[in-house]
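Here is a set of short exercises to work through with the model open beside you. Try each task before reading its solution.

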Amino acid sequence: MTRETKSGDTTRDVLRFTFRHWRDQPRYVALIVAAMMTSTLADVFMPVFAGQLVDAITVGAAERDAALRVALMAFAFMTGLGLVTIVMRHLAFYGIVELTLRVMNRVAQDAFARVQRFSTDWHANSFAGSTVRKITRGMWALDLMHDTLLLALLPSLVVLVGSMVVLGLHWPVMGLVVAIGTVTFIVMTAFLATRYVAPAARLANAWDTKVGGTLADALSCNAVVKAFGAERREDSRLSRVLDKWQSRTRRVWQRGTNSGTVQFIALLAIRAAIIGTALWLWWNGQATPGDLAYVLTTYFVIHGYLRDVGMHINNLRRSVNDMEELVEIHREPFGVVDRPGAAPIRIRQGEIAFDHVDFHYAGHETPLYSDLSLTIRGGERVGLVGPSGSGKTTLVKLIQRLYDLSGGAIRIDGQDIAAAQQASLRSQIAIVQQEPILFHRTLAENIAYARPGAGMAEIERAARLANAHDFIMRLPKGYGTLVGERGVKLSGGERQRVAIARAFLADAPILILDEATSALDSESEVLIQQAMERLMEGRTSIVIAHRLSTVRALDHILVFDTGRIVEEGSHETLYRKGGLYRRLCDHQGLKFTRGRGVGLAAE
Ligand code: ADP
């Protein structure tokens, strides 16, 4: 696909996107179009009366009374038309305020709704900051786009076509000159905007998005930056991106200036042609002073609109460019979608079966799982262990259907999860993540996220079960404390207990626990351990286990290595077997003591 066709396609897509939103607001669009057209038609007829006025006052002394009447009449019409213009413009502007706000609101909501539903993979590959920038930039571009199309280009079109018709009826030659000049000017301007400025602007916008992404990435990782005293490194990283953005944007602005100058030269040529033709007609006795006044006034009206048409087309181009990335969001596939007619999944026992599952991460050369089969019985507590990167986390992501399989099926209580509604599946699986992420909202809201509308008593009960109540009560505002972005104001152990409280409240039949790998102080560890054990009661539980104390408490252990289950069984059997599991335990400095299970080597 060449650059030109791509640019044409995206422009069309953006305009189609805008018009689709207009279709939802037909009354406002109709009001604006009608008011704007009436107001501009008044402009078209203004020169006609200006011509009559001049003709009336240049007649001889004998007919002064009759002339006065004509002149006054013309004057009255001119004033009346002026009033009509004002009233109609006022109406149109009121309409556009409402239309634009409604559409902006809708567009932001739609984009957010879509982005939220994009697959985990999409989010893993996108900068949150860049996405925010795309959506907000697109919203504001709509404002410019509406003003340009409805308040600027529509009236310009009405004036240009109207003037040509009125002028052409009166004086065909003049109509022709104006028509040729106007059409040439508009085609040239549109060409400059779409073929000369737009490609440069598209590139500049990509860099503008990168600026947003770089800022957000560095700011959200501020803790790491601080830890390494790397502020200057990040400064220079941003500065490199900004330099590139600067040079790309300079090119756009310079091209904009160049095309502006070309437009002014063209306007000068048109003016020379029109005035020259008028003089020639006058010299040949085909025009009165009134006719000249009429042509000149028309020219000035046309000139004003044409000069602005250049600006409007540039604005249209800019708003299209600014909206492209937003519209692109609507074109991107969701990744993981509900099948048509997908029904909610009903989970009772919580038996999970992998049936010859193949799975391949995009971009990887080899599949992670080939022909993986396993069954986790309802209510069983299963531990996943294995070296880092062996495929433990991916297994739980697949159970949540964050990715689709390339072969085989995953069934919960006999139902294929690929055929169920995603939301119903995920709402019946509670997760405690390794690094729980909290909203910058109160603790109560964070816990209640698992069950909207949960009362304070339920929230507190969940927090008590999670051993979180005591630390929460020690916070200055208790359950009303705000936790900072992503929960940064809490310690790792505290965040984990809030996440456990959330899982208690969710009360889901299936539970996924991803233990924190980072060492916690022993008090926290005991509290978390107790809470987890309570939480696992009566649920199918899958634990990505890093701590031996946890592994010991589980019914069954699956040992992963490079996407395969290489050993499985209870802790004792596996330890005795002396395979990978044994090596992992030994590596952690643990030994097996008969009768006491596993203890720390130091015990
Ligand atoms: P574990 O939890 O055992 O550490 P994972 O299941 O997270 O392992 O990862 C298994 C393999 O898949 C690793 O090689 C990892 O690099 C890769 N991987 C994990 N997530 C993604 C992803 N979103 N896109 C591509 N590859 C991934």
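**Exercise 1. Work out the strand order of the open four-stranded sheet and find its edges.**

Step 1. The order is S2-S1-S4-S5, and the pairing is antiparallel. Strands here are DSSP runs of E with at least two residues, helices are runs of H or I with at least four residues, and both are numbered from the N terminus. Two strands pair if DSSP finds at least two bridges between them. Before going on, note that this is a predicted model, in which local features need pLDDT of at least 70 and side-chain atom pairs count only at pLDDT 80 or more, while totals for chains, interfaces and linings use all residues. Residues are numbered from 1 along each chain as its sequence is written, and side-chain values use heavy atoms, with hydrogens and water left out.

Step 2. Strand S2 (369-376) and strand S5 (415-416) are the edges; each has a single partner strand, so one side of each has no neighbour in the sheet.

Step 3. Inside the sheet, S1 (residues 352-359) and S4 (residues 407-412) are joined in the antiparallel sense by five bridges. To see the register, look for aspartate 355, which stands opposite alanine 409 in S4.

Step 4. Now add helix H10 (residues 392-399): it lies across S1, S2 and S4 and runs at about 110 degrees to S1. Such angles run from 0 to 180 degrees between N-to-C directions, with axes fitted as lines to C-alpha atoms, for helices over the stretch in contact. Contact means heavy atoms within 4.5 Å.

**Exercise 2. Do the same for the open six-stranded sheet, then place the helices that pack on the sheet.**

Step 1. This sheet has the order S6-S7-S8-S3-S9-S10, with mixed pairing. Strand S6 (429-432) and strand S10 (564-569) form the edges with a single partner strand each, so one side of each is left without a neighbour in the sheet. On average, neighbouring strands are turned by 20 degrees against each other, direction ignored.

Step 2. At one edge, S6 pairs with S7 (residues 510-514) in the parallel sense over four bridges. Alanine 430 faces leucine 511 of S7.

Step 3. H10 also lies across S3 (381-385), S6, S7, S8 (540-544) and S9 (556-561), running at about 145 degrees to S8. Helix H19 (residues 580-587) touches S3, S9 and S10, and its direction makes about 90 degrees with that of S9.

Step 4. At the other edge, S9 and S10 run antiparallel and share five bridges. Phenylalanine 560 stands opposite isoleucine 565 in S10. The two strands form a hairpin with two residues between them, and threonine 562 in the turn has a positive phi of about 40 degrees.

**Exercise 3. Which parts of the chain do the salt bridges of glutamate 325 and glutamate 324 link?**

Step 1. Start with the rule: a salt bridge is a side-chain nitrogen of Lys or Arg within 4 Å of a carboxyl oxygen of Asp or Glu. By this rule the count is 18 salt bridges.

Step 2. Glutamate 325 meets arginine 137 at 3.2 Å, N to O. The pair connects helix H9 (residues 289-331), home of glutamate 325, to helix H5, home of arginine 137, across 188 residues.

Step 3. Arginine 202 and glutamate 324 form a salt bridge with their closest N and O atoms 2.9 Å apart. Arginine 202 lies in helix H6 (residues 172-220) and glutamate 324 in H9, so parts 122 residues apart in sequence are tied together.

Step 4. Check burial: buried means under 20% relative accessible area, exposed over 50%, and partly exposed in between (1.4 Å probe, protein chains only). Arginine 137 is buried at 7%, arginine 202 is buried at 15%, and glutamate 324 is buried at 8%.

**Exercise 4. Is threonine 550 buried or exposed, and which residues does threonine 550 touch?**

Step 1. Threonine 550 sits in helix H17 (residues 548-552). Its relative accessible area is 0%, so threonine 550 counts as buried.

Step 2. Leaving out residues up to four places away in sequence, threonine 550 touches Glu515, Gln529 and Val543. The C-alpha atoms of threonine 550 and glutamate 515 are 9.0 Å apart, with their positions 35 residues apart along the chain.
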